[in-house]
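Biologist: I'm new to reading models like this one, so please pick a single part and take me through it closely. After that, show me how it fits in with its surroundings.

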Amino acid sequence: MNRVPMEGKVLNENARVAAELRERFREHQVLVVNLISSPGSGKTTLLEKTLEALPKDTRVAVLTGDLQTENDADRLKRYSFPVKQIVTGGTCHLDARMIEKHIADWSLPELDVLIVENVGNLVCPSSYDLGESAKIVLLSVTEGEDKPLKYPSIFSKSELMVLTKTDLLPYVPFNADAAIANARRVHPAMEVVRVSCLAGNGLREWMTWLEQRRERFLSELSQLVG
Ligand SMILES: Nc1nc2c(ncn2[C@@H]2O[C@H](COP(=O)(O)OP(=O)(O)OP(=O)(O)O)[C@@H](O)[C@H]2O)c(=O)[nH]1
Ligand SMILES: [Mg+2]
């Protein structure tokens, strides 16, 4: 009976913690990106390719969320960057408190980028601000080009859509141009990168996007200060 007020309270509390986190990330100039998609769209694989390609002295860390297992962190720890698993124990999204708790023993001044892999879910994570600078939505070519219209919330809040598994395009009835057009119906300014982690296509473009997003973040910060 009290579901709606209780949800509102939880979201307000989350917004408060997220605002504090955002302030800390800005203070220490840490770009935080929040990767969101359906289960299995390729978030961890994209992160594996990203960490593999980064110079070893890159100041990057990863938090990866999952309902139950440590599998994704185990996959990502191989690349020698700081990685932590957040096991939500059944909750279908990460929240700001979980981020706060899991970065508690990391030194933010020693980081430039924090990448958060959210729990695989196209709905719940979109309501929870984590203090990130940008949300990024992944859509794989096996999911159907209508998904931006069916799950508009996350597409409207994301700056970038990574269209994943493009190596499968010859084998599935999926119209990539229609998917991108649908995403831009929901969010006209949506940026798009087409990636195949299997074939390696688009990975350079994705890395460039991340690099340029950090530059933009720093320039926005300097305008705030100046
Ligand atoms: N063909 C193809 N398969 C891919 C690609 N990227 C990922 N996969 C496969 O897709 C499956 C799921 O990939 P993950 O990276 O674990 O997906 P995820 O989004 O992290 O999954 P959750 O964390 O469970 O939500 C794995 O079997 C990957 O090998 C790709 O570019 N091409
Ligand atoms: Mg994963």
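Modeller: What follows is a close look at one strand, and then at the parts around it.

Some ground rules: this is a predicted model, in which local features need pLDDT of at least 70 and side-chain atom pairs count only at pLDDT 80 or more, while totals for chains, interfaces and linings use all residues. Residues are numbered from 1 along each chain as its sequence is written, chains are lettered from A and ligands numbered from 1 in the order in which they are written, and side-chain values use heavy atoms, leaving out hydrogens and water.

Our part is strand β1, residues 31-36. Helices (H or I, at least four residues) and strands (E, at least two) are DSSP runs, numbered from the N terminus. Six of the six residues of β1 are buried, so the rest of the structure largely encloses this strand. Here buried means under 20% relative accessible area, exposed means over 50%, and partly exposed is in between (1.4 Å probe, protein chains only). Look at its two faces: Leu31, Val33 and Leu35 sit on one side, Val32, Asn34 and Ile36 on the other, and all of them are buried.

Just ahead of the strand there's a curious spot. Gln29 sits in the loop between α1 (3-27) and β1, and has a positive phi of about 55 degrees although it is not a glycine. Gln29 is partly exposed, at 41% relative accessible area.

Now step sideways. The sheet is open and has seven strands, ordered β3-β2-β4-β1-β5-β6-β7 with parallel pairing. At its edges are β3 and β7 (191-194), each pairing on one side only. On average, neighbouring strands are turned by 20 degrees against each other, direction ignored.

So who does β1 pair with? Two strands count as paired if DSSP finds at least two bridges between them. With β4, the parallel pairing runs over five bridges; Val32 is matched with Leu114, and Val33 with Ile115. With β5, the parallel pairing has four bridges, and here the bridge partner of Val33 is Ala134.

A helix joins the picture too: α2 lies across β1, β2, β4, β5 and β6, running at about 155 degrees to β4. For such angles, axes are lines fitted to C-alpha atoms (for helices over the stretch in contact), and values run from 0 to 180 degrees between N-to-C directions.

What do the side chains build? A nonpolar core is a set of buried Ala, Val, Leu, Ile, Met, Phe, Trp, Tyr and Cys residues joined through side-chain atoms within 4.5 Å. The largest one has 31 residues, and Ile115, Ile136 and Trp206 touch the most other members. Elements that each supply at least two residues of this core include β1, α2 (43-53), β4 and α8 (203-225). The largest share, seven residues, comes from α8. Leaving aside residues up to four places away in sequence, Ile115 touches several residues, among them Val33, Leu35, Leu47 and Leu210; a contact means heavy atoms within 4.5 Å. A second, separate core of 21 residues includes Val30 and Ile103.

Strand β4 also leads us to the metal. The magnesium ion (ligand 2) has Thr44 (OG1), Asp72 (OD) and Glu117 (OE) as protein donors, 2.0 to 2.1 Å from the ion. Asp72 lies in helix α3 (residues 71-77) and Glu117 in β4 (residues 113-117), so this pair ties together parts 45 residues apart in sequence. Donors are N, O and S atoms within 2.8 Å of the metal (3.2 Å for Na, K and Ca), and water is not among the atoms, so sites may look incomplete. Asp72 is buried at 12% relative accessibility, and Glu117 is buried at 3%.

Finally, go out to the edge strand β7. Asp177 and Arg194 meet there in a salt bridge at 2.9 Å, N to O; such a bridge needs a side-chain nitrogen of Lys or Arg within 4 Å of a carboxyl oxygen of Asp or Glu. Asp177 is in helix α7 (residues 176-186) and Arg194 in β7, 17 residues apart. Arg194 is partly exposed at 37%, and the structure holds 18 salt bridges.
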